[in-house]
Amino acid sequence: MTAYLIRRLVQMLIVVFGVSIFMFFLFNIAPGGPLTGLQQQQRRISPEELARIRAQYELDLYWPIRYTRWLVGWPQGPLVIDGQEWFANVPVGCYMEATPEQGGGCFDYVYLSEMPKIHPPIKSSRGILFGDFGQSTVVQAGRPVWDLLTSRLWATVELQVISLVLSLAIAVPLGIYSAVHQYSKFDYVFTTTAFIGSSMPTFFFALLFILGFTILGGRLQELWPWWPTLPPGLREAVRPYDVAAWLSRVEPGSALDRFLHLLMPAGVLTIVSVASWSRFLRSSMLEVLRQDYVRTARAKGLIERVVINKHALRNALIPFITIIVLQIPLFFAGAIVTETVFAWPGMGRLYFDALSRSDYNVALAFIYVTTILTVAATLLGDILYSVVDPRIRYS
Amino acid sequence: MSVSAESLTLRKLPREGKEESQFQIVLRRFLRHRLAVASVAVIVVLFVAALLAPLVAPFPRDAVDIAVATRPGPPGTMSSQGEMHPLGVDHLGRDLFTRLLYGARVSLSIAFIVVVISELFGVVLGAVAGFMGGWFDTVISRLVEFLLSIPTLPILLITASILIKTEAQLPLPAVATDFVSWMLAAPIQEANKVVVLMAILILLGWTGAARLMRGMALTLRNQDFVEALRAVGASNTRIIFRHIIPNGLAPILVNASLGLAGIVIAEATLSFLGVGVQEPTPSWGNMLSTAQSYMFQHPWLPLIPGIPLCLVTIAFNFIGDGLRDALDPRLKR
């Protein structure tokens with residue numbers, strides 16, 4: 001087991017490094033990057049200014065150098081041993097690129113000795129490995145990335161916890177009932193509905209919700225004032241609003257306001273997970289119900305309820321561990337699509353904003369943490385699995 | 001191996017009339033799954049419509065009708081020349097039915113090309129890795145594990161947004177862009193972005209087939225018929241391509257069918273979020289994304305691309321389900 005754990009941990013490290021190197025490599029391919037918008041706004045920007053702005057985003061450095069500076073905050077400048085500078089003349093980037101008329105290539109290299117001047121240590125990150133995720137460049141320019149991430153974390157956790165609890169509360173009984181009553185009318189309707197539900201794209205569900213509860217609801221309310229409508233997005237309202245004739249005006253920031261805003265995104269996430277989890281639980285339950293020990297339990301004369309709840313269900317839930325554990329990264333990463341459609345101010349939407357506005361420090365920090373959480377959750381799932389199910393042994 | 005089954009049977013099998021071929025058995029079982037058969041009909045209709053898009057579409061793809069009274073306009077809006085827009089016009093005055101047809105062409109082409117290439121890729125790599133073992137197997141297995149353990153959606157999003165949202169055209173082989181441009185009935189510049197999108201989806205999409213095929217190859221390579229093949233002097237290439245792969249193809253077919261649904265959803269999601277297929281190339285995903293901005297005044301808009309999108313994903317899933325039932329050797333009926 002120890003050897004297995006060590007091997008898995010090493011694999012985890014490789015995955016995390018692999019992903020982060022790949023991301024930096026991608027940024028390098030992408031021409032412009034954060035500057036694309038800038039170049040569009042001001043076509044006639046002088047080369048000196050462009051170089052200065054490029055340096056601001058560290059785009060003047062070569063990408064492997066940028067990577068190590070992002071990862072461990074190194075190199076900050078030439079190596080100093082006994083007061084003597086080493087490698088001072090190593091070019092680490094290109095401050096100003098030559099125009100095609102000048103023959104292309106680099107016009108002004110950045111040497112390691114110039115690094116402290118162009119990229120002073122105060123302005124650069126100490127390295128993501130030491131917990132410094134740098135600063136946001138676009139979304140909230142100048143704000144430390146970690147600060148920005150944590151400010152959005154609670155909205156995501158709230159949404160995820162609520163939908164997780166709801167989905168489990170609905171999916172488990174549904175799956176069990178359907179499996180126990182296999183081939184009944186209920187089972188047939190349930191499996192077909194769940195199948196269709198799990199094959200539809202999430203964002204279309206979200207659009208349908210807005211369409212049904214906000215837009216159609218609003219039109220019906222004009223006919224019947226008692227018909228309720230739901231707010232289509234955000235986490236709280238900006239100004240007071242009405243939901244239905246029988247409810248007093250909702251104040252922004254009140255508990256009711258928050259609850260109403262939560263309903264649709266949580267509903268979408270719940271439906272999507274219920275559709276797939278209950279199907280999963282149904283098949284896992286059917287598998288268990290065919291086992292010999294269930295027949296033995298029945299032969300002993302146990303009443304059906306005990307056979308199902310005590311003998312079958314517990315074993316049917318074992319594969320469920322993997323599914324639940326894989327939800328852990330989502331408490332950080334959130335549901336990118338759902339949060340974006342409902343303008344929910346959580347992590348998923350922050351990530352999407354950061355991407356569409358080329359705030360790469362934020363996007364990289366998000367990917368980095370999400371990757372670590374995902375691989376850790378996978379490992380945790382495998383370990384828990386072997387703890388709960390003694391038939392599984394790793395070597 | 002062309003030794004007839006007849007000469008090898010020791011005991012005469014009881015025969016009832018004509019014997020069914022393997023294909024007939026599978027077909028008979030598939031036809032029993034009514035929803036899957038209906039799904040095949042849906043896909044065929046959409047496929048033909050998409051294929052004939054340039055002929056069937058009432059208007060050119062990007063033709064802007066500035067004379068219509070409202071933009072977006074409801075289904076049945078009349079154009080300035082007295083022609084009808086059957087599904088209305090979008091916010092720029094482009095005919096939605098036309099764009100829906102071309103969008104079907106884009107979405108279905110992407111799905112089919114991505115799935116065919118990634119399954120081929122996965123099948124060959126998986127079969128070779130499973131059959132040969134050794135360092136090649138280690139490399140492939142680690143690579144698959146790596147790709148399966150990364151958070152897919154965030155990485156898909158970041159890759160697509162970096163590579164597709166740039167103004168620059170990435171240098172790609174002309175064969176690929178020409179072919180895709182022909183498939184989509186779209187200009188080369190637009191095809192360039194679509195090829196990048198397809199490449200990203202393929203890179204993340206081949207792992208399922210590779211894993212399945214590797215597993216099949218691992219069990220098949222220890223069976224007697226492989227031993228027999230070796231004894232008669234068949235080369236490894238021949239064993240892998242003529243015997244291992246055809247024998248392990250059943251689960252791959254199911255995987256491919258479900259993969260089609262997955263790729264349609266992935267493409268629609270990326271396009272919906274603005275990092276997939278880019279305007280003016282129509283795709284159901286980016287049509288939904290513009291529909292979202294206008295849906296408060298024009299609630300029918302998201303339904304126009306949304307309903308076919310759902311139909312297609314549900315249909316591909318049902319076909320996969322039907323194939324699984326039909327190909328499962330444990331269900332002998």
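# Notebook: chains A and B

**Entry 1. Starting at B:I158.** I began with one residue and listed what it touches. Setting aside neighbours within four places in sequence, B:I158 is in contact with A:M23, A:F27, A:Y351, A:L355, A:A363 and A:I367. I note here that the model is predicted.

I then looked up the nonpolar cores. The largest holds 136 residues. Within this core, A:Y351, B:I110 and B:I158 touch the most other members. Another core lies apart from it and has 21 residues, including A:A171, A:A179, A:L281 and A:F320. A general remark belongs here: in soluble globular proteins, nonpolar side chains tend to be buried together.

**Entry 2. The interface.** How many residues does each chain bring to the contact? I found 41 from chain B and 45 from chain A. Together the two chains bury about 3800 Å². Carbon and sulfur atoms carry 82% of that area. On the side of chain B, I picked out B:I158, B:I162 and B:F296. They supply 15% of the area chain B buries against chain A, more than any other three residues.

Next I checked for charge pairs across the interface. The count of salt bridges between chain B and chain A is zero. Polar contacts do occur there: four residue pairs, with both residues at pLDDT 80 or more.

Which helices of chain B each supply at least two residues to the side that touches chain A? My list reads α6 (134-149), α7 (152-164), α13 (249-272), α14 (284-294) and α15 (303-327). The largest share comes from α15(B), with ten residues. I sorted the residues on this side of chain B by kind: 27 are nonpolar, ten polar and four charged.

**Entry 3. Chain B as a whole.** I stepped back to view chain B. It has 15 helices and two strands. Its C-alpha trace spans about 80 × 50 × 30 Å along the principal axes. Of its 333 residues, 49% are buried. I also looked at how far apart in sequence the contacting residues are. Among contacts in chain B with a separation of 6 or more, 70% join residues 24 or more positions apart.

**Entry 4. Two basic residues in chain B.** I went to B:R99, in helix α5 (residues 96-132) of chain B. Is B:R99 buried or exposed? Its relative accessibility is 1%, so B:R99 counts as buried. Leaving out neighbours within four places in sequence, its contacts are B:R61, B:D62, B:D90, B:R94, B:E279, B:P280, B:T281, B:P282 and B:M287. Some of these names came up again when I traced the charges. B:D90, B:R94, B:R99 and B:E279 are linked in a network of salt bridges.

B:K193 was my next stop. It lies in helix α9 (residues 188-205) of chain B. B:K193 is buried because its relative accessible area is 11%, under the 20% cut-off. Beyond neighbours within four places in sequence, B:K193 is in contact with B:L163, B:I164, B:T166, B:E167 and B:A168.

**Entry 5. Salt bridges in chain A.** Over all chains the salt bridges number 15. As a general point, side chains of opposite charge can pair when their charged atoms come close. I looked up three pairs in chain A.

The first pair is A:R235 with A:E158, whose closest N and O atoms are 2.5 Å apart. A:R235 sits in the loop between α8 (202-223) and α9 (255-289) of chain A, and A:E158 in helix α6 (residues 145-180), so the pair ties together parts 77 residues apart in sequence. At 17% relative accessibility, A:R235 counts as buried.

The next pair is A:D187 and A:R282, at 2.8 Å from N to O. A:D187 is in helix α7 (residues 185-199) of chain A and A:R282 in helix α9 of chain A. This salt bridge links distant parts of the chain, 95 residues apart. Both partners are buried.

The last pair is A:R295 and A:D292, at 3.5 Å from N to O. Both lie in helix α10 (residues 292-299) of chain A, three residues apart, so about one helical turn separates them. Is A:R295 buried or exposed? A:R295 has 54% relative accessibility and therefore counts as exposed.

Terms used. Residues are numbered from 1 along each chain as its sequence is written. Chains are lettered from A and ligands numbered from 1 in the order in which they are written. Side-chain values use heavy atoms; hydrogens and water are left out. Contact means heavy atoms within 4.5 Å. Buried area is the accessible area (1.4 Å probe) that two parts lose on being put together, summed over both. A salt bridge is a side-chain nitrogen of Lys or Arg within 4 Å of a carboxyl oxygen of Asp or Glu. A polar contact is a pair of N or O atoms within 3.5 Å; within protein, one must be able to donate a hydrogen and the other to accept it, and residues adjacent in sequence count only if both atoms are side-chain atoms. Helices (H or I, at least four residues) and strands (E, at least two) are DSSP runs, numbered from the N terminus. Ala, Val, Leu, Ile, Met, Phe, Trp, Tyr, Cys and Pro count as nonpolar, Asp, Glu, Lys and Arg as charged, and the others, Gly among them, as polar. A nonpolar core is a set of buried Ala, Val, Leu, Ile, Met, Phe, Trp, Tyr and Cys residues joined through side-chain atoms within 4.5 Å. Buried means under 20% relative accessible area, exposed over 50%, partly exposed in between (1.4 Å probe, protein chains only).
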